[in-house]
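Visitor: I am new here. Could you show me around?

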Amino acid sequence: MKIGVLCSGGDSPGMNAAIRGAVLRGVDVHGFEMLGFMDGWRGFHDGDTVPLDRAAVRGISPLGGVILGTSRVQPFSAKDGTDADFRAIRRRMAEFGLDGFLLIGGNGTQTVAKLLSDAGIRAIGLPKTIDNDLGGTDYTFGFDTAVSIAAEAIDRLRTTGDSHRRCMVLEVMGRDAGWIALHSGMAGGAQVMLLPEFPESAEQIGEWVLSVRDRGRSSLVVVAEGFRLAGDSDQTVRAGLDGFGRPRLGGIAEVLAPIIEQRTGIETRATVLGHTQRGGSPTAFDRVLATRTGMAAADAAEAGEWGRLAGLRGDRIEMVDLSEAVGHLKTVPADRYEQVRLNFG
Ligand code: F6P
């Protein structure tokens, strides 16, 4: 069997470990031939490939980024793919001698995997994204690394904030899901965590910050990039669209900091963590999760379990239907937010 491997969407720590896991299992155990496509679907369209054998994946698990590169180039000419698109993909697969794909990606990529599967093209999904917003899996690989980096940033901001008795606002990624903000905020003991799922008023945020000051402490506010103040209909965006045509989120910390300062009289500083959350070496947790995911995906290909996603369920990797992963975002549920909100301030 010959399997194509490609990565799509933003990079996410652990992608290299997933490729390595798939190759160790696919090539060494099942005797597959595996072909990597450079920069996602761009490599598929342009014929930019690299053979994936054991030597190609030697020592890559600790590496940040991804050896194959990734992009948001789409395989289709229209959003859901036309008959002509599917025919063209089948033709191209035949040229490469491919039997199926392992697709490493988040929501957009797994939606493509589902569309391909529905059209009879063999695909298996490997769930990655620092945002952790994909259904069908308890955690996506990359999330743990992003949370660790954000938690470290909170620890660092706290010491300088305490020294100056300032309120420090840290903006983290996550698009429309507040998982990174929630988990890093819990890990770092943030006094306020602002998530896209739960708008709060400027008045309420000011009250929390003042009550922290009244206890003799300085506030650390972690805010997810997709957060909106109550009553605001729009998120804070940067110029331009991403490769999926979505607005680029970011900048809410710089909006909030002067609002907090003006309401409380406390000097406030904003930090936008940005892409440091996606860079560098993955945590051991992400390496293990990604390796197990890659291995399970190769096993599923051998077993003919196409059209599925290698998801983490409890402590097991299970093959779940792709329809569980796509079509909706896995956002932070109200009970998780309420649990922390009771202690804000
Ligand atoms: O989806 C992952 C993610 O890092 C989001 O958290 C963030 O909004 C976006 O990608 C940033 O994308 P880009 O790398 O295109 O700026």
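A few short questions and answers follow.

Visitor: What kind of model is this?
Guide: Its source describes where it comes from. The model is predicted.

Visitor: Which residue in β12 is the bridge partner of isoleucine 124?
Guide: Start with the strands. β5 (residues 123–127) and β12 (residues 308–313) run parallel and are joined by two bridges. Isoleucine 124 has its bridge partner in β12: arginine 308.

Visitor: Which residue in β13 stands opposite leucine 309?
Guide: β13 (residues 316–321) pairs with β12 in the antiparallel sense, over six bridges. The two strands form a hairpin with two residues between them. Glycine 314, in the turn, has a positive phi of about 65°. Opposite leucine 309 in β13 stands valine 320.

Visitor: Is threonine 283 buried or exposed?
Guide: Threonine 283 lies in the loop between β11 (268–272) and α9 (284–303). Leaving aside neighbours within four places in sequence, its contacts are Asp144, Thr145 and Ser148. Buried means under 20% relative accessible area. Threonine 283 has 18% relative accessibility, so it counts as buried.

Visitor: Which element gives the most to the largest nonpolar core?
Guide: That core has 46 residues, and Val172, Ile180 and Ile205 are among those that touch the most other members. Several elements each supply at least two residues, including β6 (167–172), α7 (202–214) and α5 (143–164). With seven residues, the one that gives the most is α5.

Visitor: How many residues are in the second core?
Guide: This core is separate from the largest one. Val5, Cys7, Ala18 and Val66 are among its members. Its residue count is 34.

Note on methods: Residues are numbered from 1 along each chain as its sequence is written. This is a predicted model: local features need pLDDT of at least 70, side-chain atom pairs count only at pLDDT 80 or more; totals for chains, interfaces and linings use all residues. Side-chain values use heavy atoms; hydrogens and water are left out. Two strands pair if DSSP finds at least two bridges between them. Helices (H or I, at least four residues) and strands (E, at least two) are DSSP runs, numbered from the N terminus. Buried means under 20% relative accessible area, exposed over 50%, partly exposed in between (1.4 Å probe, protein chains only). Contact means heavy atoms within 4.5 Å. A nonpolar core is a set of buried Ala, Val, Leu, Ile, Met, Phe, Trp, Tyr and Cys residues joined through side-chain atoms within 4.5 Å.
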